[in-house]
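Work through the exercises below with the sequence and the model in view. Each task is followed by a solution in steps.

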Amino acid sequence: MWVFGYGSLMWDGWHSQCECLRTLKATLQGFRRIFNKASVRNWGTKRVPGPTLNITADPEGTCVGFAFEFPEEKRQVVMAVLRDREGRNFQLEEQEIIIECGTHAQAIIPRYVGPNLIRDKSPAQLARMARSAIGTSGRCAEYVSTIAAKLVELDISDPAVQEFSAAVRSRLVIFDKNFLQSEDRTTPRLCALARCGCEFVLIDTLIYELCSDSRLANLWPSIQRKLFPFADRLHLWFHSSELLRREVANNAPVNGPEDWEATQRLRAWFRSGQAYVPGNLKELVEDSRQQREIDTLEKVTPMARAFGDMIADAGRSVGLSKLSKDDLAARVRDNLDGKHLIWAIRACYGNTDSPENHIPDAANRIDSEWFAFHNARVKLALIGIFLQKYGLTEEAGRKFSNTKLDLEYLALLHYADALASDETSGDMAEMCRWLFGSTKKQISTARLLASMPTKDEIRLDAYFRWDREGGTHGHDLDDWLSVERQLLERVWDRL
């Protein structure tokens with residue numbers, strides 16, 4: 001009999017207890033590897049499950065692994081070992097494999113089919129899950145990295161696994177306007193972020209801000225030139241209104257924010273190295289300004305007033321005759337995940353008179369899987385900032401439209417790992433702290449530069465490396481570059 005292994009069966013030595021006759025490389029056609037088994041103990045928890053390895057049927061797929069041959073009389077023993085090893089939710093099915101010598105054979109293949117199967121998640125969502133999950137055996141990201149490294153060690157090529165491992169290792173950073181605008185033409189900060197594994201997110205609102213600054217007509221072309229060297233690290237995400245439109249239309253959460261087709265077009269364009277500005281840019285900007293800065297501001301003000309009045313009424317009911325602006329804001333800030341969030345979800349998506357925004361039974365159904373949930377939280381934080389600035393009676397100042405634009409960055413930050421912004425003390429920074437605490441990094445120029453390794457640190461570590469390896473000369477540059485790479489990989493943890 002034969003058993004086909006595509007994961008840890010290939011290397012953990014399980015077969016030694018069953019009198020294995022031989023081990024050969026083999027191919028399983030019609031299947032491919034996938035990280036769709038949710039680990040809720042070893043590599044994750046029930047609250048934050050970790051995606052682990054499985055196989056799935058795919059008519060175009062091919063899975064290269066190892067085949068283990070056992071004496072037929074050991075079948076019952078082998079099956080018992082596999083059932084005990086894999087668990088009750090693994091189906092031990094028989095499929096045809098092609099052994100490296102060209103022989104076709106029927107082999108037993110463990111395949112997870114249990115209740116923890118992850119469905120309807122995009123690769124980007126699975127990568128985010130893997131980055132966040134930690135179980136009793138360690139970080140899920142390390143598990144994924146180990147799988148990818150083992151396949152390379154066994155000379156098995158599986159581009160999908162390597163791509164997923166790279167996605168798990170990468171960190172998605174959203175840029176705001178001021179961070180990119182202040183970047184030098186030699187792009188030292190972008191290079192530093194790239195070298196510690198970051199990929200760069202451009203959101204629709206960022207491009208709008210770059211194009212709409214009438215004081216700097218060439219700002220968008222100059223930013224394009226700074227980003228040309230990083231074309232393959234760029235991601236273009238949908239505007240929040242498009243994500244909400246899709247959730248309303250489908251009555252279900254979106255799979256993620258990335259516009260994959262637009263991302264591919266953007267990368268191809270930036271690889272060409274040709275800056276481009278459309279001829280009708282002014283008209284496009286004006287249409288966007290009406291939608292982003294005027295229409296939406298008119299909607300925020302009455303919502304903030306209504307919410308503030310509700311908080312004030314609740315205060316009067318317990319003997320507080322008057323609440324200050326800071327008191328109003330604090331009550332919003334302290335209830336971003338409580339009863340006020342339910343109110344915000346109901347106000348945003350529960351009105352049947354607004355079919356373009358209506359989600360049936362929104363207050364009970366919308367949870368953290370929905371973009372609408374995170375958008376409502378950010379709107380609630382914006383209301384807190386509004387009440388902190390203007391209270392219950394004052395009109396919104398002219399600069400509040402800029403704070404409204406910050407909403408887009410923060411709503412989408414749920415899907416990213418960090419926000420690169422030099423605004424460390426304004427409204428956006430305060431809302432970011434309210435919403436995410438320490439779970440998302442805020443990368444400023446000062447913090448990034450302070451986290452970078454100095455030449456003295458690199459020189460000292462390179463010397464220690466040289467000394468550990470016997471003090472042999474002739475590899476000085478290799479030692480320097482190796483140490484520099486290792487130190488740069490640690491920059492993220494220091495941010």
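**Exercise 1. Find where confidence in the chain is lowest and where it is highest.**

Solution. Confidence is lowest in helix α11 (residues 281-317), with a mean of 70, and highest in strand β1 (residues 2-5), at 97. The score is pLDDT, the predictor's confidence in each residue, from 0 to 100. Over the chain the average pLDDT is 87, and 94% of the residues score at least 70. Helices (H or I, at least four residues) and strands (E, at least two) are DSSP runs, numbered from the N terminus.

The model is predicted: local features need pLDDT of at least 70, side-chain atom pairs count only at pLDDT 80 or more, and totals for chains, interfaces and linings use all residues. Residues are numbered from 1 along each chain as its sequence is written, and side-chain values use heavy atoms, with hydrogens and water left out.

**Exercise 2. Trace the closed barrel and state which helix packs on it.**

Solution. Step one: the barrel has five strands in the order β1-β3-β2-β4-β5, with mixed pairing. Two strands pair if DSSP finds at least two bridges between them. Neighbouring strands of this sheet are turned by 35° against each other on average, direction ignored.

Step two: β1 and strand β5 (residues 104-112) are parallel partners over two bridges. Trp2 stands opposite Ala107 in β5.

Step three: helix α1 (residues 75-86) packs on the sheet and touches β1, β4 (90-99) and β5, where contact means heavy atoms within 4.5 Å. The direction of α1 makes about 120° with that of β4. Axes are lines fitted to C-alpha atoms, for helices over the stretch in contact, and angles run from 0 to 180 degrees between N-to-C directions.

**Exercise 3. Order the strands of the open sheet and explain why one side of each edge strand has no neighbour in the sheet.**

Solution. Step one: the order is β10-β9-β8-β11-β12, and the pairing is parallel. Step two: β10 and β12 (441-443) are at the edges with a single partner strand each, so one side of each is left without a neighbour in the sheet. Step three: the twist averages 30° from one strand to the next. Step four: strand β11 (residues 418-420) pairs with β12 over three bridges, and Ala418 has Lys441 in β12 as its bridge partner.

**Exercise 4. Describe the largest pocket by volume and lining.**

Solution. On a 1 Å grid over the protein atoms alone, a pocket is an open set of points with protein on both sides within 12 Å along at least five of seven lines, and a cavity is a set where a 1.4 Å probe fits but cannot get out; lining residues have an atom within 4 Å of a point. Grid points are joined across faces, edges and corners, and a volume is the space filled by probe spheres set on the points.

Step one: the volume of the largest pocket is about 1800 Å³. Step two: 49 residues line the largest pocket, and Arg128, Met129, Arg131, Ser132 and Lys440 lie nearest its centre. Step three: α2 gives the most to this lining, with five residues.

**Exercise 5. Locate the largest cavity.**

Solution. Step one: the structure holds one cavity of 30 Å³ or more, and the largest cavity has a volume of about 40 Å³. Step two: among the residues lining the largest cavity are His374, Arg377, Leu410 and Phe436. Step three: α15 gives the most to the lining of the largest cavity, with three residues.
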